[in-house]
Amino acid sequence: MRAITVRDRNAGVSGLALEDLPHPHAAENDVIVRVHAAGFTRGELDWPGTWSDRAGRDRTPSVPGHEVSGVVAELGYGTTGPTIGQRVFGLTDWTRNGSLAEYVAVEARNLAPLPADIDHTVAAALPISGLTAWQGLFDHARIATGQTVLIHGAAGSVGSIAVQLTREAGARVIGTGRSADRATVLELGAHAFLDLAAARLEDVGEVDVVFDVIGGDILDRSAALVRAGGTLVTIAHPPTVRPKDGRALFFVVEPDRARLADLAQRLRDGRLKVRVGAVRPLAETAIAFAPERRIAGRTVIRVAED
């Protein structure tokens, strides 16, 4: 099969190569998915799991990409739930070969059924962003109706979904970003927008929850905005500054089949929009990892036609 591989950790994006690899093996409880579309995170070439397995052993050449949408081609021993020919989407394991390939082996529990009316390119952009937004808001911050939630990077892949979920939950949403993002963030449902380059973050006032995807100085300064009993949640890095009378936590997204199915239903109902900015073929993955200009929305790799 054709796959995108990396072999040299120091090579960065220039080390991405399209080559032939053996067809993946379906372990117990695995599913082999014929990949139609794949999503990736640009920073994953720096992740330890890209280069080592769970035991810390080198596993190169490795295949990046941790979001997949496709069709079940094979079932491993003991696998229950998915069926051959079924459309599915979900997350691949952090320390196994990923989705930037024609076929990928995935634990069945990490995949959800994909309705026929959702395009594979849209589905491949949803798992990490959608689950991260949900888990940060509801599992960790436990947002509630009537609260005020500050969402940094509100036009980004995670932030844009977080804005929509927060608004639907009945909370007041303040989104931050660049000036060019204002219209998009407000259209997604934010009640207010703050241009981080032109306005003082401190002018936001007190909020119940901060959802951060930026880190650094923005994360540190956000701690002072959290009112007593509130929560600061970040996916950037562990916080070094904490709210005076609140919680601060860092988390990494986890697979959740049931929640993926719920997010897919929200797509079908029109209650959730996923921003897909560009779709490129597998051979142009390196260009997608290092775009010449900023692209509004997720870039998705199309591996096979529907």
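Which strand does Asp195 lie in? Asp195 sits in strand β10, residues 192–195. Before I go on: this is a predicted model.

Let's stay with Asp195. This residue is buried, yet has no salt bridge. Which side chain of opposite charge is nearest? That is Arg182, and Arg182 is 5.2 Å away. A salt bridge needs the two charged groups within 4 Å, so this pair does not count. The side chain of Asp195 does reach something else: the backbone nitrogen of Ala197, at 3.0 Å. What does Asp195 touch, if we skip residues up to four places away in sequence? The list is Gly177, Arg178, Ser179 and Arg182.

Next, the nonpolar cores. In soluble globular proteins, nonpolar side chains tend to be buried together. Here the largest nonpolar core has 45 residues. Which of them touch the most other members? They are Phe89, Leu126, Leu137, Val149, Ile151 and Val163. Several elements each supply at least two residues of this core. Among them are strands β5 (87–91), β8 (148–151) and β11 (207–212). Helices α2 (127–140), α3 (157–168), α4 (182–188) and α6 (257–269) do so too.

Take Val163 from that list. Leave aside its neighbours within four places in sequence. Val163 is then in contact with Ile151, Ala154, Val173, Val185, Leu188, Gly189 and Ala190. There is also a second, separate core, with 27 residues. Its members include Val72, Leu100, Val104 and Val303.

Last topic: aromatic rings. How many aromatic pairs does a search of the whole structure find? The search finds 3. I'll show you two of them.

One pair is Phe40 with Phe289. The two rings are stacked, 4.3 Å centre to centre, with 15° between the planes. This pair links distant parts of the chain. Phe40 is in the loop between β3 (30–39) and β4 (67–75). Phe289 is in helix α7, residues 285–289. They are 249 residues apart. Are these two buried or exposed? Phe40 has 5% relative accessibility, so Phe40 counts as buried. Phe289 has 4%, so Phe289 counts as buried as well.

Another pair is Trp134 with Phe138. Their ring centres are 4.2 Å apart and their planes meet at 40°, so the pair is tilted. Both residues lie in helix α2. They are 4 residues apart, about one turn of the helix. Trp134 is buried, because its relative accessible area is 11%. Phe138 is at 22% relative accessibility, so Phe138 counts as partly exposed.

That's my tour. Questions, please.

Key:
Residues are numbered from 1 along each chain as its sequence is written. This is a predicted model: local features need pLDDT of at least 70, side-chain atom pairs count only at pLDDT 80 or more; totals for chains, interfaces and linings use all residues. Side-chain values use heavy atoms; hydrogens and water are left out. Buried means under 20% relative accessible area, exposed over 50%, partly exposed in between (1.4 Å probe, protein chains only). Lys and Arg count as positive and Asp and Glu as negative; His and the chain ends are not counted. A polar contact is a pair of N or O atoms within 3.5 Å; within protein, one must be able to donate a hydrogen and the other to accept it, and residues adjacent in sequence count only if both atoms are side-chain atoms. Contact means heavy atoms within 4.5 Å. A nonpolar core is a set of buried Ala, Val, Leu, Ile, Met, Phe, Trp, Tyr and Cys residues joined through side-chain atoms within 4.5 Å. Rings of Phe, Tyr and Trp (its six-membered ring) pair if their centres lie within 6.5 Å; planes under 30 degrees apart count as stacked, over 60 as edge-to-face and the rest as tilted.
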